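Please work through the exercises below with the sequence and the model open beside you, and try each task before reading its solution.

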Amino acid sequence: MSETETYRVDYDEDGKVRVEAVPGMSSGTGVTPPEGACSSGATLEAAAREAGQSDLLDQFAADYPMGPHDKPQSMCPAFGSLRVGLRMRRVATVLSGSACCVYGLTFVSHFYGARRSVGYVPFNSETLVTGKLYEDIRESVHVMADPERYDAIVVTNLCVPTASGVPLRLLPKEIDGVRIVGIDVPGFGVPTHAEAKDVLAGAMLAYARDEIEAGPVAAPEAGLSDRPTVTLLGEMFPADPMMISAMLGPMGLAAGPTVPCREWRELYAALDCGAVAAIHPFYTSAVREFQAAGRPVVGSAPVGLDGTADWLAAIGDVFNVNKDQIAAAQNAFLPAIKGALAGARIDGTITLSGYEGSELLVARLLIESGARVPYVGTACPRTEWSKPDAEWLEAKGVKIKYRASLEDDCAAMEAIKPDLAIGTTPVVQKAKELGVPALYFTNLISARPLMGPAGAGSLAQVVNAAIGNKDRMGRMKAFFDGVGEGDTAGVWEGAPNLHPEFRALNQKKLERKARAAKAAEMI
């Protein structure tokens, strides 16, 4: 093959490879991975469409509409789907992507407590161009498919294999009784790691729904409930599903499985529900599968006083529970929630941002605890299932920014000058540089119970302690004042060697590259 030619790989329905030269196609628009893949969203998307992935990308665009930026601002989205797979019993996970991406995802997975290996099918330019990568993946799943060890194997294409059109859809659906689930999770199509969880959850539900339609399936290991169940959609603190089930009890209902599930057979029970509670509202693909199975979906969650009252009423209406039973459920728990909120007050102004999808629920709880929350930023999109929470917050004067960028969150924090900033790592870093107390949303806020009476008093202690550190943050800022920032950060024996001419030269190169790209678009 000539070094100057670009080749496109295609596959027939039997999985056989066809390789054809594409005249006039420049590097970066065929199977050749462009430089700076993680920051080249538009380039990779164009490559994926050239490789026959338009239907996939169009579905992503409908399910996960992009914001003002064309690439993720959080961690690699594939971490979300990878984490879901690693948490499931008897499920193996295999990644296909650039080695640097796989290394980072594996590192983060083990940092967050993964206790099993992550499979990896490596590739190089030759195996990518010739289609050998697909053959290697196919061989790998055949080797791994041991029904004594696994119920399913999840294979994930990262950015470059997706852009190159590696067709995981052509993998066998099942090998020796082991299910094969292939998904694409490119950073240029899936904006956040939260939504990547939905990619895998939706794919697994679709597979399980096909199995149910084909005939009898196995019951979950935990058994079946003797009451109608509500499937819970979205990862939660472990105590939250138990609290929700307790609140449903007076209405003769029970909480079903939580999706994403922890074992394959739970997917059957999840689909065999009376209704779905979209606790996290961004699970668009999963909702589509539940609706295809004829299951109604209810938004919001039993968070705080108003949220719990409204949610119990909405669930009761879906199940045609009589008004007395709904009132009994409300009367059993609302006084306890009211008491917990009264005993755990928060006095302060807080800006809130994150990428987990539960930001609106946390904001409701903070407001009912007494906090002033003028701004909520979420990296997730606006959906039908977040509407009840959005309307409640907006009635309280809260500005909600969907698909919020890091710049949005930092600008809000700097303008409002809150007593506490709750946000992602870079927001927390920026706040502390300004002497504003800050808490990391994922580890310190979302990793706490939020539902019912347990959630009502769960945030006050950590939030009040952080707000109380404002004077200490001011002293620290004054102590370190003058040590430098940016190019001059750190301790220097002399003045740092700054070369603004190098920066100016590099800026001119970037501007020329941008002009050339713009001109190419016009041709």
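The exercises that follow concern a predicted model, and they go from the whole chain to single residues.

**Exercise 1. Overall form**

Task: Work out how the radius of gyration of the chain compares with that of a compact globule of 523 residues.

Solution: Start with the expectation, which for 523 residues is a radius of gyration near 24 Å if the chain forms a compact globule. Next take the value for the chain itself, 25 Å, which agrees with that expectation. Then turn to the extents, where the C-alpha trace spans about 75 × 75 × 40 Å along its principal axes. Finally, add the contents: the chain holds 22 helices and 16 strands, buried residues make up 51% of its 523 residues, and residues 24 or more positions apart account for 71% of the contacts with a separation of 6 or more.

**Exercise 2. Cysteines without partners**

Task: Determine how many disulfides the whole structure contains, and explain why Cys273 is not bonded to Cys261.

Solution: A search of the whole structure finds 0 disulfides. For Cys273, the closest cysteine sulfur is that of Cys261, and because the two sulfurs are 11 Å apart, they are too far from each other for a bond, the cut-off for a disulfide being 2.5 Å. Cys410 is likewise in no disulfide, since its nearest cysteine sulfur, in Cys380, is 18 Å away. As for accessibility, Cys273 counts as buried because its relative accessibility is 8%, and Cys410 is buried with a relative accessible area of 11%; the limit for buried is under 20%.

**Exercise 3. Arg209**

Task: Decide whether Arg209 is buried or exposed, and find which residues it contacts beyond its neighbours within four places in sequence.

Solution: First locate Arg209, which lies in helix H8, residues 193-214. Its relative accessibility is 18%, so Arg209 counts as buried. Once the neighbours within four places in sequence are left aside, the contacts of Arg209 are Leu271, Glu289, Ala292 and Ala293.

**Exercise 4. Gly252**

Task: Place Gly252 between its flanking elements, and state how far its C-alpha atom is from that of Gly316.

Solution: Gly252 sits in the loop that runs between helix H9 (239-248) and strand E9 (254-259). At 31% relative accessibility, Gly252 counts as partly exposed. Although Gly252 and Gly316 are 64 residues apart along the chain, their C-alpha atoms are separated by 9.7 Å. With neighbours within four places in sequence left aside, Gly252 is in contact with Arg227, Pro228 and Gln325.

Notes:
Residues numbered from 1 in each chain as written. Predicted model: local features only at pLDDT ≥ 70, side-chain atom pairs only at ≥ 80, totals over all residues. Heavy atoms only, no water. Helix = DSSP H or I, 4+ residues; strand = E, 2+ residues; numbered from the N terminus. Rg over C-alpha atoms; globule rule 2.2 N^0.38 Å. Buried < 20%, exposed > 50% of the residue type's maximum accessible area, 1.4 Å probe, protein only. Contact = heavy atoms within 4.5 Å.
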